[in-house]
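I opened the notebook to look up how the chains meet. A helix pair and some charged pairs were on my list too.

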Amino acid sequence: MKPNNVTHVTPESEDPLVHKWLSELPQLEPGSGFEDAVMAHITIPKPSRLKKLQSATSGWLTGRRRRLALAATVTYATLSTTSVVLLTTVFGAQTSAAWSALVAQPTSAIWESGIVFLLSAVHSMAPIAVIWNIGFTEVALAASAGVVVSILCALGLKHMLRYSNGSNALDYANA
Amino acid sequence: MPSPNEISTATDQEVVQWALEGSERAYRELVRRYQRPIFSLIFRMVRDRERAEDLAQETFVKALKALKTYRPNYKFSSWIFKIANNTAIDSLRRKELDTLSLDGAPDAVTSERQQGTALQVSHDGESPLEELEARELGFQIEQAVATLRPEYRTCILLRHVEGYAYEEIGEIMNLPLGTVKTYIHRARSELREILSPSID
């Protein structure tokens, strides 16, 4: 079927006489209980909780506001994961013996941090995405973007710490 | 879930969406909106009230069960009329019903069954004489429509009773545009030939 944008020439103007005759025909009604008889054959689907939530929040954000919300979410995720980088790399390595053991090798530290970033990005974005009724594809894209940006930040931070003032968290951890 | 007021003012597409989300009220609203036009079309195809009710019911059950396959950028009314037309045509092919009798179904062998299957036409707010004339006129028009070939009948009813455009009728009936135009033209000629002498 085609979309409903077809042009209309009125039936009256085409053949007024036949139209007059046929417009005399009444609309007929099925017997009482017709609606219930139909409904007896229908199984109403049970909506998932997620669908209910999405339905309740649908229409909150549309068009430009939706894109802005998505951009805000990406920014939020990036900032939150970057803060995780800072905390785990700078303070975590200094204060926690267990963490120091984990990041004993600089390369491994980056991977460990990467997992933390991923979890952080996903956990921070998923509830926001559900509440704002953003599609899962967009969530996945935004989360991936957040993770990539966070890893780049981590690499930059590592580079910066390694070559600044001769003393940094990773060297401290390696010591 | 939507309130009754929201549902009654919503578009078909919105009501379908609510139905898919599990609202029974939305399903009922779809039946309420289309039961009269669908039943009227099917009745005028098969000329048997009981059979028309069964087929209209079958139409709604098929449509509501397949609601997931409905695409909202199309008219819901065209979609459900297509299902109704296919259901009625299948039934006509199966039963090869004689479509001429207005006194009830041709297979109604008892007077009780004939009454049960006969067409009920009511005209409110008219004097007894006007009502009688209206009934007589309605009877003649129904009879004339009933003499048309089923495909002519569906085309002309969709055009002049339901107000569909030619393109939409073609989509509902799976016919090319040219064929729809031909059917409607022939149906009008036949109706004029039958009704002009008696009405004018």
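My entries on the interface, the salt bridges and one helix pair follow.

**Ground rules.** I am working with a predicted model, where local features need pLDDT of at least 70, side-chain atom pairs count only at pLDDT 80 or more, and totals for chains, interfaces and linings use all residues. Residues are numbered from 1 along each chain as its sequence is written, chains are lettered from A and ligands numbered from 1 in the order written, and side-chain values use heavy atoms, with hydrogens and water left out.

**Interface of A and B.** I looked up contact (heavy atoms within 4.5 Å) and found 37 residues from chain A and 60 residues from chain B taking part. Between the two chains about 4600 Å² is buried, and carbon and sulfur atoms give 64% of that. Buried area here is the accessible area (1.4 Å probe) lost by two parts on being put together, summed over both.

**Salt bridges.** My rule is a side-chain nitrogen of Lys or Arg within 4 Å of a carboxyl oxygen of Asp or Glu. How many does it find across the interface of chain A and chain B? I get 8 there, and 18 over all chains of the structure. I noted that B:Arg188 pairs with A:Asp15 at 4.0 Å, N to O. This pair runs from helix α10 (residues 177–199) of chain B to the loop between α1 and α2 of chain A; helices are DSSP runs (H or I, at least four residues), numbered from the N terminus. A:Glu14 and B:Arg159 also form a salt bridge, at 3.1 Å, N to O.

**Chain A's side.** Which elements of chain A each supply at least two residues to the side that touches chain B? I listed α1 (11–14), α2 (16–23) and α3 (34–39). Of these, α3(A) gives the most, with 6 residues. By class I count 21 nonpolar, 9 polar and 7 charged residues on that side. Nonpolar means Ala, Val, Leu, Ile, Met, Phe, Trp, Tyr, Cys and Pro, charged means Asp, Glu, Lys and Arg, and the others, Gly among them, are polar.

**Helix pair in B.** I then checked α3 (residues 24–46) and α5 (residues 76–95) of chain B, whose axes come within 10 Å and cross at roughly 35°. Axes are lines fitted to C-alpha atoms over the stretch in contact, with angles from 0 to 180 degrees between N-to-C directions. The contact includes B:Tyr34 and B:Leu41 of α3(B) and B:Phe81 and B:Asn85 of α5(B). Its residues divide into 15 nonpolar, 2 polar and no charged.
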